[in-house]
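Me: I've just opened this one and I'd like to talk it through. Can I ask how you back up the things people say about it?

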Amino acid sequence: QVQLVESGGGLVQAGGSLRLSCAASGRTASAFAMGWFRQTPGKEREFVALISRSGTSTVSADSVKGRFTISRDNARNTVHLQMNSLKPEDTAVYYCNARSTLATHVALGYWGRGTQVTVSS
């Protein structure tokens, strides 16, 4: 079991940047691939980015490629999502996830409670 707590969300203007962080406790984060998903009201949760246990492999959604960067610090049991060139359509609750695979299916792994990101136009 692993517990995940997100931080770093907030309100930002379009074109701005935010950095999300996720702190893991319980089992060590290095035992899991970790990543981020997001959800807006009335829509299904969608994949954003994942990073492998070692941090050497990443996968990301086409909608965020070139703008969002995922990274991790296994010594601190944390994973980060640097979000640049934010767009209003990036507005969502962002959830941290820990899982045993880089497969992007939503219904896998452990979840944090989410952090709100709002991008104003």
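Me: What makes a side chain count as positive or negative here, and how many of each are there?
Reply: Lys and Arg are counted as positive, Asp and Glu as negative. On that basis this predicted model has 13 positive and 7 negative side chains in its protein chain. The centres of those two sets lie 7 Å apart.

Me: How do you know how compact the protein chain is?
Reply: Start with the layout: 0 helices and 11 strands, so the pattern along the sequence is simply β-β-β-β-β-β-β-β-β-β-β. The radius of gyration is 13 Å, and the globule rule gives 14 Å for 121 residues. Those values are close, so the chain is as compact as a globular protein of that length. Its C-alpha trace spans about 40 × 30 × 25 Å along the principal axes.

Me: Why is Thr115 called buried or exposed?
Reply: Buried means under 20% relative accessible area. Thr115 comes in at 10%, so it counts as buried. Across the protein chain, 41% of the 121 residues count as buried.

Me: What makes the link from Thr115 to Gly9 a polar contact?
Reply: The cut-off for a pair of N or O atoms is 3.5 Å. The Thr115 side chain reaches the backbone nitrogen of Gly9 at 3.3 Å, so the distance is within that limit.

Me: And which other residues does Thr115 touch?
Reply: Thr115 sits in strand 11, residues 115-120. Leaving out residues up to four places away in sequence, Thr115 touches several residues, including Glu6, Leu20, Val93 and Tyr94.

Methods
Residues numbered from 1 in each chain as written. Predicted model: local features only at pLDDT ≥ 70, side-chain atom pairs only at ≥ 80, totals over all residues. Heavy atoms only, no water. Helix = DSSP H or I, 4+ residues; strand = E, 2+ residues; numbered from the N terminus. Rg over C-alpha atoms; globule rule 2.2 N^0.38 Å. Buried < 20%, exposed > 50% of the residue type's maximum accessible area, 1.4 Å probe, protein only. Charge placed at Lys NZ, Arg CZ, Asp CG, Glu CD. Polar contact = N/O pair within 3.5 Å; in protein donor to acceptor, adjacent residues only side chain to side chain. Contact = heavy atoms within 4.5 Å.
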